[in-house]
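Got your viewer open? Load the model and follow along, one selection at a time.

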Amino acid sequence: MREVYLDHAATTPVLPEVAQAVHEHLVAAYGNPSSLHRFGRRARSAVEQARERVARAMAAEAEAIVFTSGGTEADNLAIRGVARRAGSGHIVTSQIEHHAVLHTCEALETEGFAVTYLPVDARGLVKPEDVAAAIRADTILVSIMAANNEVGTIQPLAEIGALCRERGVLLHSDAVQAFGQLPLDVGALNVDLMSISAHKVYGPKGIGALYVRRGIRLAPLMYGGGHERRRRPGTENVPGIVGLGMAAEIMQGELPDRARSMAAVRDQLIRGIGETISDVVLNGDPVNRLPNNANFCFRYVEGESILLALDSKGIAASSGSACTSGALEPSHVLVAMGLPHDLAQGSVRFSVGRGTSAADIEYVLGVLGPAIDRLRKMSPLYAERAGDGPRAGGTSQEG
Ligand SMILES: *Cc1c(COP(=O)(O)O)cnc(C)c1O
């Protein structure tokens, strides 16, 4: 059966050349970077080369990169690290952050920190003026993601960065989805801390990094050796780090072309769905969205049923985010954007990748329309809908 993977926002395949480099550092260049002998020195130089590659991909200095076990740990290290160091205070974040940010903030609330969870508009945008209004005298950190993992909305990070700098408040950004898809320059954005993850950019799972602007001191999450300039103890995941470095360099090098070609197949999908399926809503910002993301609500059917129907034809998509699918909870992102619960239940996220072709999209469109028709025929909600018959206006593409 044909297989089409449209879940790149959940994870990506590892590029062959990245896998090759990871393999070499598992079996051949296996030294401990802290060892003084040649085996250790070889591993150390591989780690430092990877650090430079990651830094270059965000226009940072190599010393500012701290390797972590992934995006989740990077988010935790940034937020807990700032909070624990400050001891008390107030944090500003948004309602549509990844759970790695939201649950970290909620945990800090139980430890006496105050947190403001900013609302978003119908397109999933955080308003810079809301950030400005939320900042208090005791605000220690603002944490706003660069782009959303579910609906792909790109946040006005540069504006938020400028106002945080002006107010003297640190800014963290979860850039796990944006990295490799949008040009990111930590200096131009005025971000102080920024999280990335390798497995979202064709690198291995279990490795990521936190950018920490020079001069920022963080309390560590764990205690142990003096690795990563005392910011993250434990023998370095050398193969993972090498993989992240290579993936970052490749992503950075092909970025403008890849973004353009991914946006082309994504738009083919958005157009095709709009032309062939009724009662569908494109969630997120129609323009200001990641080049790989298309997220829809199909009225009168549950996202999970659509996913199963697609899966039976070899098509992988996702409803909500990978972390919450499986639970029949409406997505916190769609709820924050003001979508009614019943509509939010019918959401499906398609995320294309660098290998997605026009023929893949044709195949998906051929499967999706009939699948939605069949599910709607079985849906009591569809039978009960107002004005049974073709609806005036037909398809809505505006979130
Ligand atoms: C995937 C993801 C994370 C978590 O990264 P892991 O490396 O899987 O821990 C955090 N934030 C966003 C926006 C993500 O998409």
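Start by selecting Ser197 together with the ligand: a polar side-chain atom of Ser197 sits 2.6 Å from a ligand oxygen. That makes a polar contact, meaning a pair of N or O atoms within 3.5 Å. Before you click on, note that this is a predicted model, where local features need pLDDT of at least 70, side-chain atom pairs count only at pLDDT 80 or more, and totals for chains, interfaces and linings use all residues. Numbering runs from 1 along each chain as its sequence is written, and side-chain values use heavy atoms, with hydrogens and water left out.

Next, add Lys200, where an N or O atom of the side chain lies 2.7 Å from an oxygen atom of the ligand. Then pick Gly71, which uses its backbone instead: an N or O atom there is 2.8 Å from a ligand oxygen. On its own the ligand exposes 380 Å², and the protein buries 88% of that (areas by the Shrake-Rupley method with a 1.4 Å probe).

Now show everything around the ligand, taking residues with a heavy atom within 4 Å of it. You should get 13 residues, with Thr72, Asp174, Gln177, Ser197 and Lys200 the closest. Colour them by class and you'll see two nonpolar, eight polar and three charged residues. For that colouring, Ala, Val, Leu, Ile, Met, Phe, Trp, Tyr, Cys and Pro are nonpolar, Asp, Glu, Lys and Arg are charged, and the others, Gly among them, are polar.

Which element gives the most to this shell? Helix H3 does, with three residues, so select 71-86 next. Helices here are DSSP runs of H or I with at least four residues, strands are E runs of at least two, and both are numbered from the N terminus. H3 has 16 residues and reaches 23 Å from first C-alpha to last, close to the 22 Å expected (1.5 Å times one less than the number of residues). Since 12 of its 16 residues are buried, H3 is largely enclosed by the rest of the structure. Buried means under 20% relative accessible area, exposed over 50%, and partly exposed in between, with a 1.4 Å probe and protein chains only. Among the buried ones are Gly71, Glu73 and Asp75. Just past the helix, Gly87 takes a positive phi of about 90 degrees.

Two non-glycine stops remain. Tyr202 has a positive phi of about 65 degrees, in the loop between strands S7 (193-197) and S8 (208-212). Is Tyr202 buried or exposed? Buried, because its relative accessibility is 6%. Finally, Arg229 in helix H8 (227-230) has a positive phi near 50 degrees, and it counts as exposed at 58%.

Conventions:
Polar contact = N/O pair within 3.5 Å; in protein donor to acceptor, adjacent residues only side chain to side chain.
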